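Visitor: Could you take me through the nonpolar interior of this protein, slowly and in one connected account? I would like to know what it is built from and where it sits relative to the domains.

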Amino acid sequence: MRFEFIADEQVKVKTFLKKQEISKALLAKIKFAGGNILVNDLPQNAIYLLDIGDRVTIDIPAEEAFENLQAVEKPLQIVYEDEHFMVIDKPAGVASIPSILHSNTIANFVKAYYVKQNYENKQVHIVTRLDKDTSGLMLFAKHGYAHARLDKQLQKKQIEKRYLALVKGETNLEDKGDIIAPIARDEASIITRCVHPTGKYAHTAYERLTSYEGGIHLVDIRLLTGRTHQIRVHFSHLGLPLLGDDLYGGSLEDGIYRQALHCHYLRFFHPFTGEQISLKSSLPQDFRAVLTHLEENGV
């Protein structure tokens with residue numbers, strides 16, 4: 001895959017490429033695994049001194065698929081795709097990546113899609129993953145350089161992810177708020193997390209959209225950090241676990257049997273086109289059915 005840049009200062013090629021978020025590892029791959037570095041269409045090395053206005057071209061070698069990731073064919077609901085990125089609408093009940101418990105995962109399906117399409121790069125790069133029973137938008141990079149560019153956006157909190165959730169409890173919920181509470185592994189479990197002073201910083205912002213009888217609230221949530229089970233842990237900590245989330249104390253008596261959590265909005269800056277990409281996903285049937293029932297029984 002080829003990328004071109006125009007030098008805006010007199011520096012070495014490697015210094016200039018670092019500012020384009022070309023890592024040392026990727027630069028080594030370009031140098032030693034079949035890639036090229038060209039300056040004004042002539043081959044050069046990484047220490048070549050650029051002049052302002054020089055055209056720098058890099059050819060990044062193709063990425064072979066990981067052998068230990070099995071390709072499993074299954075239809076994907078693709079919301080957005082170009083040569084650099086892909087966004088899919090993940091159904092609930094499907095894990096993002098393989099584990100001891102899960103083999104038919106989104107990563108397996110995406111690999112099969114890449115192979116079937118005969119894409120040059122076949123490695124699966126997940127930028128934003130979702131829990132198995134969370135539905136909604138998942139963002140993939142289609143090559144390592146694209147992944148690196150979006151990782152920088154994640155670090156700077158420039159990728160916006162918004163979720164809709166149904167929570168339930170006796171705790172009063174303000175119209176808007178921020179939940180800032182550190183999250184750590186639960187010492188009593190290898191799966192669950194908990195709020196604990198020794199945990200990592202975690203920040204969740206929310207807006208209450210509607211409240212229903214029985215202490216149920218529909219909330220729109222924005223993740224400002226990305227800790228494991230963050231939304232589920234934070235609202236459980238408030239005494240308002242998600243409907244269907246029995247792992248964190250959620251009710252199984254309101255018509256949904258997985259956490260009522262859906263990633264409905266995703267926004268990121270496209271580093272190669274300069275566009276803001278904003279995408280939306282409609283609520284899945286099980287979530288909509290609960291809302292319909294709540295609305296029919298009065299607010």
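Guide: What follows is a close look at the nonpolar interior, with the domains as its frame. The model is a predicted one, and its chain is divided into domain 1 (2–59), domain 2 (77–156) and domain 3 (161–263 + 288–298). Taken over C-alpha atoms, the centres of domain 1 and domain 3 are 47 Å apart.

The largest nonpolar core holds 45 residues, and within this set Leu139, Phe140, Phe235 and Phe268 are the ones that touch the most other members. Helix α3, spanning residues 106–117, is the element that gives the most to this core, contributing six residues. Domain 2 (77–156) and domain 3 (161–263 + 288–298) each supply at least three residues to this core.

Phenylalanine 268 repays a closer look: once its neighbours within four places in sequence are left aside, Phe268 is in contact with Phe85, Val87, Leu139, Leu150, Gln153, Ile159, Glu275, Gln276 and Ile277. Among these partners is Leu139, itself one of the core members that touch the most others.

A second core, separate from the one just described, consists of 20 residues, including Met1, Phe3, Leu27 and Ile30.

Two cysteines complete the picture of burial. Cysteine 263 has a relative accessible area of 1% and is therefore buried, whereas cysteine 194, at 21% relative accessibility, counts as partly exposed because the limit for burial is under 20%. With a disulfide taken as a pair of cysteine sulfur atoms within 2.5 Å, the count for this model comes to zero disulfides.

Technical notes
Residues are numbered from 1 along each chain as its sequence is written. This is a predicted model: local features need pLDDT of at least 70, side-chain atom pairs count only at pLDDT 80 or more; totals for chains, interfaces and linings use all residues. Side-chain values use heavy atoms; hydrogens and water are left out. Buried means under 20% relative accessible area, exposed over 50%, partly exposed in between (1.4 Å probe, protein chains only). Domain bounds come from an automatic or database domain assignment. A nonpolar core is a set of buried Ala, Val, Leu, Ile, Met, Phe, Trp, Tyr and Cys residues joined through side-chain atoms within 4.5 Å. Helices (H or I, at least four residues) and strands (E, at least two) are DSSP runs, numbered from the N terminus. Contact means heavy atoms within 4.5 Å.
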